[in-house]
Amino acid sequence: DDALRVEALEHKSGFPLEDLKNGDINFCHLDRDAFASYHSGYEGQDIASVRQYLVLACLADDEAVRLNIRTGRLRCNINQREICSLLCKVVDYSIEVLGGSEDNAGNTSSAEDVSRASEVARQNPSEAAALLGRVCQRETLAMWQHLICRKYGVPSHVDTNDNLWMQSPTPPKCLSDGGCRVCGRTYPLQTCARCKWMGAGAARYCCREHQKTDWRRHKQECKAK
């Protein structure tokens with residue numbers, strides 16, 4: 001019942017649906033400060049609000065929505081993987097709109113942006129700065145994507161050889177080639193020398209420190225390969 005959900009979202013929970021639809025306000029702030037809190041186990045008001053919105057809008061049955069309208073409580077049995085999938089779609093959408101237009105949204109990678117910024121730095125420093133700023137935003141979102149998946153115990157874009165990840169909806173281009181196994185960043189990436197022959201299935205890391213951090217977990221898998 002769409003009218004019922006609108007009542008719960010807008011009138012009971014205070015979500016400004018029209019402003020969200022028109023893009024007049026941000027749904028949430030997936031910045032590094034919020035990331036640090038989420039990583040330490042504190043969800044934060046922004047992420048909690050997004051989760052409540054997604055459950056009310058997409059997952060809760062009509063009885064749970066009516067209970068929310070009457071009491072303000074949200075009680076329903078929800079598959080945690082479904083919540084994770086919706087949260088990841090929010091991140092995917094945020095990555096896609098970084099492209100700036102429908103034609104190239106989500107189709108560029110951080111490596112491509114860094115290369116382009118290097119090419120235009122002298123002739124057009126403002127374009128170079130914008131490209132590098134986009135890299136920072138994209139990599140922060142990639143880290144969010146990875147952390148959300150880990151929190152819910154499901155494969156993320158770094159698990160390129162996992163069947164569950166391969167069966168998931170097509171991710172933005174910048175996530176389709178994997179990422180750092182520790183933090184989820186897609187740039188810069190270094191491939192484990194022992195298993196680089198595996199191509200996309202090889203372990204990748206954004207820095208030497210993260211490779212060392214993951215070695216205890218990765219070494220058995222690496223030796224088996």
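## The largest pocket

Start with the lining of the largest pocket in this predicted model: its residues split into 15 nonpolar, 6 polar and 1 charged. That makes 22 lining residues in total, and the ones nearest the pocket's centre are F27, C28, V90, Y93 and S94. The space inside comes to about 720 Å³.

Several helices help to build this wall. At least two lining residues come from each of α4 (44-59), α6 and α8. Two of these helices, α6 and α8, also pack against each other, as described next.

## How α6 and α8 pack

Helix α6 covers residues 80-96 and helix α8 covers residues 125-151; their axes come within 10 Å and cross at roughly 175 degrees. Angles over 145 degrees count as roughly antiparallel, so that is the label for α6 and α8.

Which residues make the contact? From α6 there are C84, L87, C88, V91, D92, S94 and I95, and on the α8 side they meet R138, L141, Q145, I148 and C149. Sorted by class, this contact has 8 nonpolar, 2 polar and 2 charged residues. S94 turns up in this helix contact and is also listed among the residues nearest the centre of the largest pocket.

## Two buried aspartates

D92 sits in helix α6. Is D92 buried or exposed? Its relative accessibility is 16%, and the cut-off for buried is under 20%, so D92 counts as buried. Leaving out residues up to four places away in sequence, D92 touches Q145, P172 and L175. Q145 is one of the α8 residues in the helix contact described above. The C-alpha atoms of D92 and A142 are 8.8 Å apart, although 50 residues separate the pair along the chain.

D113 is in helix α7, which runs over residues 110-120. With a relative accessibility of 3%, D113 counts as buried too. Beyond its neighbours within four places in sequence, D113 is in contact with T108, L131, R134, V135 and R138. R138 also appears on the α8 side of the contact with α6.

## Loops: V158 and a cis proline

V158 lies in the loop between α8 and α9 (163-166). Despite that loop position, V158 counts as buried, at 5% relative accessibility. What does V158 touch, apart from residues up to four places away in sequence? The list is H146, R150, G178, G179, C180, R181 and G184. There is also a C-alpha separation of 8.7 Å between V158 and T186, which are 28 residues apart along the chain.

Further along, a cis peptide bond links Y187 and P188, with omega at about -10 degrees. P188 belongs to the loop between α10 (173-176) and β1 (190-191).

## The chain as a whole

Stepping back, the chain has 11 helices and 2 strands. In sequence order the pattern reads α-α-α-α-α-α-α-α-α-α-β-β-α, with the two strands coming just ahead of the last helix.

Of the chain's 225 residues, 40% count as buried; D92, D113 and V158 are examples from the sections above. Take the contacts between residues at least 6 apart in sequence: 57% of them join residues at least 24 apart.

Note on methods
Residues are numbered from 1 along each chain as its sequence is written. This is a predicted model: local features need pLDDT of at least 70, side-chain atom pairs count only at pLDDT 80 or more; totals for chains, interfaces and linings use all residues. Side-chain values use heavy atoms; hydrogens and water are left out. Axes are lines fitted to C-alpha atoms, for helices over the stretch in contact, and angles run from 0 to 180 degrees between N-to-C directions. Helices (H or I, at least four residues) and strands (E, at least two) are DSSP runs, numbered from the N terminus. Angles under 35 degrees count as roughly parallel, over 145 as roughly antiparallel, 65 to 115 as roughly perpendicular and the rest as oblique. Contact means heavy atoms within 4.5 Å. Ala, Val, Leu, Ile, Met, Phe, Trp, Tyr, Cys and Pro count as nonpolar, Asp, Glu, Lys and Arg as charged, and the others, Gly among them, as polar. On a 1 Å grid over the protein atoms alone, a cavity is a set of points where a 1.4 Å probe fits but cannot get out, and a pocket is an open set with protein on both sides within 12 Å along at least five of seven lines; lining residues have an atom within 4 Å of a point. Grid points are joined across faces, edges and corners, and a volume is the space filled by probe spheres set on the points. Buried means under 20% relative accessible area, exposed over 50%, partly exposed in between (1.4 Å probe, protein chains only).
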